[in-house]
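Let's take a quick tour of the rings and the pocket in this one. Have the viewer open while you read.

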Amino acid sequence: MVGAVFAQDSTSANVPDGKTISNQLRINLEISKPFTTLFQDRYTNYEMEVDYYWKKEGYLSLEGGYGTATVDYTDLKYNSTNTFVKVGYNKSMLSRIMPKDWDMAFIGVRYAVGFINRGDANYLIVDSTWGNTPGVVAGKTLTAHWAEVVGGVKVEVYKGFFLGWTARGKFLLNQKQFKELPPSYMAGYGKGDKNTIFDFNFYFSYAIRWDKKKATK
């Protein structure tokens with residue numbers, strides 16, 4: 001699945017009383033993660049993002065997604081699935097020159113929570129002296145919490161259609177829960193055994209816009 005951000009656009013400080021101001025809701029589909037899964041069978045990752053312009057070049061953000069992961073070694077085998085949700089805020093570093101100018105270069109923050117279901121893990125201890133010993137680690141439901149610092153660009157290429165990218169620094173907040181057999185991959189985060197991860201997302205977006213009449217004083 002994919003990723004999300006909220007955006008309401010308004011330049012009310014420069015709009016005369018009684019005039020309309022533009023609002024925007026932008027749907028952002030993450031296009032790089034599904035593409036990479038075509039060339040490997042270890043994990044899947046689908047994300048989307050929605051952003052809504054709030055005020056003063058600020059955007060409220062909502063993201064979500066789904067993924068799977070598989071570990072299939074001679075001595076260890078298990079599967080996991082997870083969903084995630086992120087909420088946050090983006091601040092555009094570019095001032096809007098005109099009401100129809102929606103290009104942005106931004107920095108922002110996220111708080112994320114992921115819900116992971118790790119299945120039973122079958123392992124095999126190989127010992128040439130005492131013989132091989134098979135075993136099972138029972139499946140477990142886990143909850144991951146992490147924070148992100150983000151930065152990126154979104155450029156309108158044609159009448160409401162955008163292309164853009166986001167760079168992310170991700171910091172796992174509850175590392176202790178993942179010391180015993182962490183999921184090999186978590187959609188929205190990355191490798192489950194890493195406390196800090198740096199990642200990129202690429203987006204294709206479409207913006208829905210409407211006008212809102214400013215009240216006359």
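Which residue lies over the face of Phe162? In this predicted model, that residue is Arg26, and the distance from the ring centre is 4.7 Å. There's a lysine doing a similar job: Lys55 sits over the face of Trp54. Here are the two charge-over-ring contacts side by side:

| Charged residue | Ring | Distance from the ring centre |
|---|---|---|
| Arg26 | Phe162 | 4.7 Å |
| Lys55 | Trp54 | 4.7 Å |

On to rings meeting rings. The structure has nine aromatic pairs. One of them joins Phe35 and Phe39, whose centres are 5.2 Å apart, with 70 degrees between the planes. That pair is edge-to-face, because the angle is over 60 degrees. Phe39 is also an exposed residue, since its relative accessibility of 62% is over the 50% cut-off. Elsewhere, Tyr53, Tyr59 and Trp102 are tied into a cluster by ring pairs.

Now the pocket. The largest one has a volume of about 410 Å³. Its lining counts 15 residues, and those closest to the centre are Arg42, Val71, Tyr73, Ser184 and Tyr185. Sorted by class, the lining of this largest pocket comes out as eight nonpolar, five charged and two polar residues.

Where does that lining come from? Strand 4 (58-72) and strand 5 (76-92) each give at least two residues to it. Strand 4 makes the largest contribution, with three residues.

Methods. Residues are numbered from 1 along each chain as its sequence is written. This is a predicted model: local features need pLDDT of at least 70, side-chain atom pairs count only at pLDDT 80 or more; totals for chains, interfaces and linings use all residues. Side-chain values use heavy atoms; hydrogens and water are left out. On a 1 Å grid over the protein atoms alone, a cavity is a set of points where a 1.4 Å probe fits but cannot get out, and a pocket is an open set with protein on both sides within 12 Å along at least five of seven lines; lining residues have an atom within 4 Å of a point. Grid points are joined across faces, edges and corners, and a volume is the space filled by probe spheres set on the points. Helices (H or I, at least four residues) and strands (E, at least two) are DSSP runs, numbered from the N terminus. Ala, Val, Leu, Ile, Met, Phe, Trp, Tyr, Cys and Pro count as nonpolar, Asp, Glu, Lys and Arg as charged, and the others, Gly among them, as polar. Rings of Phe, Tyr and Trp (its six-membered ring) pair if their centres lie within 6.5 Å; planes under 30 degrees apart count as stacked, over 60 as edge-to-face and the rest as tilted. Buried means under 20% relative accessible area, exposed over 50%, partly exposed in between (1.4 Å probe, protein chains only). A charge sits over a ring if NZ of Lys or CZ of Arg is within 6 Å of the ring centre and within 35 degrees of the ring normal.
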